[in-house]
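Reader: I have a structure to look at and many labels to understand. Can you take me through them one at a time?

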Amino acid sequence: MPNGSGGWLVVQLRKAYEEEAKKGHESEEQEGEEQEGREQVIREQVSRGQEGREEQESKEQEGREQVSGEHVSVEHESKEQEGREQVSREQVSGELKSVEQESRGQEGREEQESKEQEGREQVSGEHMSNEQANKELQEPEHGDKVAKDPKFQVEPLLVHPDASPETRGLMRYLCSIYGRSMLTGQQIGVLSTPELDLIHEVTGRYPAVAGFDFMNYSPSRVERGATCRDTDLAIDWWKNRGGIVTFCWHWNAPKDLIDLPPDRTWGSGFYTKATTFDVKKAMANTGSEEYRLILRDIDAIAVELKRLADARVPVLWRPLHEASGGWFWWGAKGPEPCIALWKLMYHRLTYEHGLNHLIWVWNGQHADWYPGDEFVDIIGEDIYAPVRDYSSQQERFRTAESYTQTPKIIAMSENGVVPDPDRVAEDGTPWAWNCTWYGTFVYREEDGRLAYSEEYTELEQLRKTYRHPRTITLEELPDWEEWMKEKG
């Protein structure tokens, strides 16, 4: 994460631990005071009669409302309530139970319980955990049919025969929320990376998924002076921030860059228009220089992927994206050489380099380009809707479903406009995540500083998405270490 995320993390963690310790101490002290108060209430109720009991009960209730203020977590409140109920059960035994029941009555207790429940729901608000949100979303208003539809009951099986524990755990998590929740996501920039912090600035939350790019690790760019730090940023995002990592690769052609300004320079070398490199020729002759250079480039990216594997970072790996469009060189010669290249990359990374931390996200966007279920974990669609078009993109979702008869998770792997979660639910198009592209899709310059741009997604719509019960942000992701332990 740019802009000194390590320092930010230390401060946030220290603050969180101190607050939790303080709340725990205050809770124990308060609970003791409440226990003593309740015993005194019972004694006074017996000796002073009904009028005194009602007055004391009112004071006790005020104390409870004060305890359950905005900074009390749902889990803490639940435990505190359970403790009060246990104390109450012990106190109401024998003669004291009879006195209390006579004074308050069953109807009064039910009314009181209803008020306390309303208070707990209000407290939960912004601090509702992802686990609690998912429990409440088991039967969503528009999502009942979606959540129960067999095609959205995807088994957490990976194409790699021996995927790492973290990778298997992440896939289990994705399958567990699929059909119910959409992960928020954001691609970071290349030369500058303000997107994640700007999203937090305007919504108060970070995206759950951060998108990175191996573009500047391409050998034909490195040899021309390009540098990249996306691997380091991705490791930090998973290990220190707990966020999910997805990588694409704008693969600069291995050779034959046209290098003519203004838009056919080596910097645009992943585009068909900026190179004469022939992928069909390369894949047809394994003894050719072109084929050798393809292997060289894959091996260069394997070095970066190995760094992520060593850091135990599972990766939503999305190579050869948008191939059917033809605007990238790997798709310029039709589906056959591109499918051959996909399979070559899979086998080389999996078996030659022993990488077992990749979840393979295929993003070819046409059935003719599909390499087969045994090479694909997740299907991605890149969608750039008209500005402020918040529709669910139902047609594109149904198209993605048609690529295979095997239930697969489907994600909006790139987008310009953020889809409306309500429309996504209503139309039964449960994109697993979205990943908004970077730069002007997110920000604009204003008075010498960057400000959120509403050109594509209006600010209120963005806030709605990041605060919606059907979406998941970074703050709502599980503790991955605990998740892996609990889910096996």
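Author: Start with a definition. Rings of Phe, Tyr and Trp (its six-membered ring) pair if their centres lie within 6.5 Å; planes under 30 degrees apart count as stacked, over 60 as edge-to-face and the rest as tilted. The structure holds 29 aromatic pairs. This is a predicted model: local features need pLDDT of at least 70, side-chain atom pairs count only at pLDDT 80 or more, and totals for chains, interfaces and linings use all residues. Residues are numbered from 1 along each chain as its sequence is written, and side-chain values use heavy atoms, with hydrogens and water left out.

Reader: What makes Phe-152 and Phe-397 a tilted pair?

Author: Their centres are 6.2 Å apart and their planes 55°. The limit for a pair is 6.5 Å, and 55° is neither under 30 nor over 60 degrees, so the pair is tilted.

Reader: Why does this pair tie together parts of the chain?

Author: Phe-152 lies in the loop between helix H6 (144–148) and helix H7 (165–177), and Phe-397 in helix H14 (residues 394–401), so the parts it ties are 245 residues apart in sequence. Helices (H or I, at least four residues) and strands (E, at least two) are DSSP runs, numbered from the N terminus.

Reader: Why is the pair Tyr-271 and Phe-328 called stacked?

Author: The angle between the planes is 20°, and the centres are 5.6 Å apart. An angle under 30 degrees counts as stacked, so the name fits.

Reader: How do you know whether Tyr-271 is buried or exposed?

Author: Compare its relative accessible area, 31%, with the cut-offs. Buried means under 20%, exposed over 50%, partly exposed in between (1.4 Å probe, protein chains only). Tyr-271 is therefore partly exposed. Phe-328, at 4%, is buried.

Reader: What lies over the face of Tyr-271?

Author: Lys-273, at 5.3 Å from the ring centre. A charge sits over a ring if NZ of Lys or CZ of Arg is within 6 Å of the ring centre and within 35 degrees of the ring normal. Arg-241 also has its charged end over a ring, that of Tyr-206, 4.6 Å from the centre.

Reader: Why does Ser-453 count as buried?

Author: Its relative accessibility is 4%, and under 20% is buried, so the label follows. Ser-453 is in the loop between strand E11 (449–452) and helix H16 (459–466).

Reader: What makes E10 and E11 a pair of strands?

Author: Two strands pair if DSSP finds at least two bridges between them. Strand E10 (residues 443–446) and E11 have four, in the antiparallel sense.
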